[in-house]
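Biologist: I am meeting this chain for the first time, and I would like to work through it slowly with you. Could you put it on the screen before we begin?

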Amino acid sequence: WFFRDLREDLGVNQAAVAKAAGVTQVKISEFERGTDKPTPDQRRTIVDFLVRRAAVRGLEILILERRP
């Protein structure tokens, strides 16, 4: 499940993703291991959450780079 790599790259833990998706951390672990699959709505929610986190992280980097 490629979302695991993105989640880890962003420094986001499974609990944060689970909260955003309305599922348990165990369920996120199962999705990542491939022992269960998210519904289309869960997948969309997880992707939206990770994209927002990536955008915030990108802005943080830009701000830090512009500091004298």
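Biologist: Does R44 count as buried, partly exposed or exposed?

Modeller: This is a predicted model, in which local features need pLDDT of at least 70 and side-chain atom pairs count only at pLDDT 80 or more, while totals for chains, interfaces and linings use all residues. Residues are numbered from 1 along each chain as its sequence is written, and side-chain values use heavy atoms, with hydrogens and water left out. A residue is called buried at under 20% relative accessible area, exposed at over 50% and partly exposed in between, using a 1.4 Å probe and protein chains only. At a relative accessibility of 47%, R44 counts as partly exposed.

Biologist: By about how much of a helix are D41 and R44 separated?

Modeller: The side chains of D41 and R44 meet in a salt bridge at 2.7 Å, N to O, where a salt bridge is a side-chain nitrogen of Lys or Arg within 4 Å of a carboxyl oxygen of Asp or Glu. Helices here are DSSP runs of H or I with at least four residues, strands are runs of E with at least two, and both are numbered from the N terminus. D41 is exposed, with a relative accessible area of 53%. Because the two residues are 3 apart in helix 4, D41 and R44 are separated by about one helical turn.

Biologist: Which residues are joined into one network by salt bridges that share partners?

Modeller: The salt-bridge rule gives a count of 7 for this model, and one of them joins the side chains of E8 and R7 at 3.7 Å, N to O. E8 is partly exposed at 41% relative accessible area, whereas R7, at 8%, counts as buried. Through shared partners, one network is formed by R4, R7, E8 and E32.

Biologist: What is the N to O distance in the salt bridge of R4 and E32?

Modeller: This pair links distant parts of the chain, since R4 lies in helix 1 (residues 3-9) and E32 in helix 3 (residues 25-33), 28 residues apart. R4 is partly exposed at 38% relative accessibility, while E32 is buried at 9%. Their side chains meet at an N to O distance of 3.9 Å.

Biologist: Which residues are buried in helix 3?

Modeller: Contact means heavy atoms within 4.5 Å, and what covers the buried residues of helix 3 includes helix 1, helix 2 (14-21) and helix 4. The buried residues themselves are I28, S29, F31 and E32.

Biologist: Within what arc do those buried residues fall, seen down the axis of helix 3?

Modeller: The arc is taken from the directions that run from the helix axis to the C-beta atoms. The buried residues of helix 3 line one face of the helix, because they fall within an arc of 160 degrees.

Biologist: Which residues make up the largest nonpolar core?

Modeller: A nonpolar core is a set of buried Ala, Val, Leu, Ile, Met, Phe, Trp, Tyr and Cys residues joined through side-chain atoms within 4.5 Å. In soluble globular proteins, nonpolar side chains tend to be buried together. The largest core in this model has 12 residues, namely F3, L10, V12, V17, A18, A21, V23, I28, F31, I46, F49 and L50.

Biologist: Which helices each supply at least two residues of this core?

Modeller: The chain has 4 helices and 0 strands, and along the sequence the pattern reads α-α-α-α. Those that each supply at least two core residues are helix 2, helix 3 and helix 4.

Biologist: Which residues form a nonpolar patch on the surface?

Modeller: Patches are built from residues with over 30% relative accessible area and no salt bridge, joining like charges within 9 Å and nonpolar side chains (Val, Leu, Ile, Met, Phe, Trp, Tyr) within 5 Å. Accessible areas come from the Shrake-Rupley method with a 1.4 Å probe, and for residues only the protein chains shown count as cover. L59 is found in helix 4 (residues 40-66) and is exposed at 51% relative accessible area. With about 290 Å² of accessible area together, the nonpolar patch is formed by L59, L62 and I63.

Biologist: How far apart in space are G22 and G34, C-alpha to C-alpha?

Modeller: G22 lies in the loop between helix 2 and helix 3 and is exposed at 67% relative accessibility. G34 comes just after helix 3 and takes a positive phi of about 85 degrees. The two glycines are 12 residues apart in sequence, and their distance in space is 19 Å.
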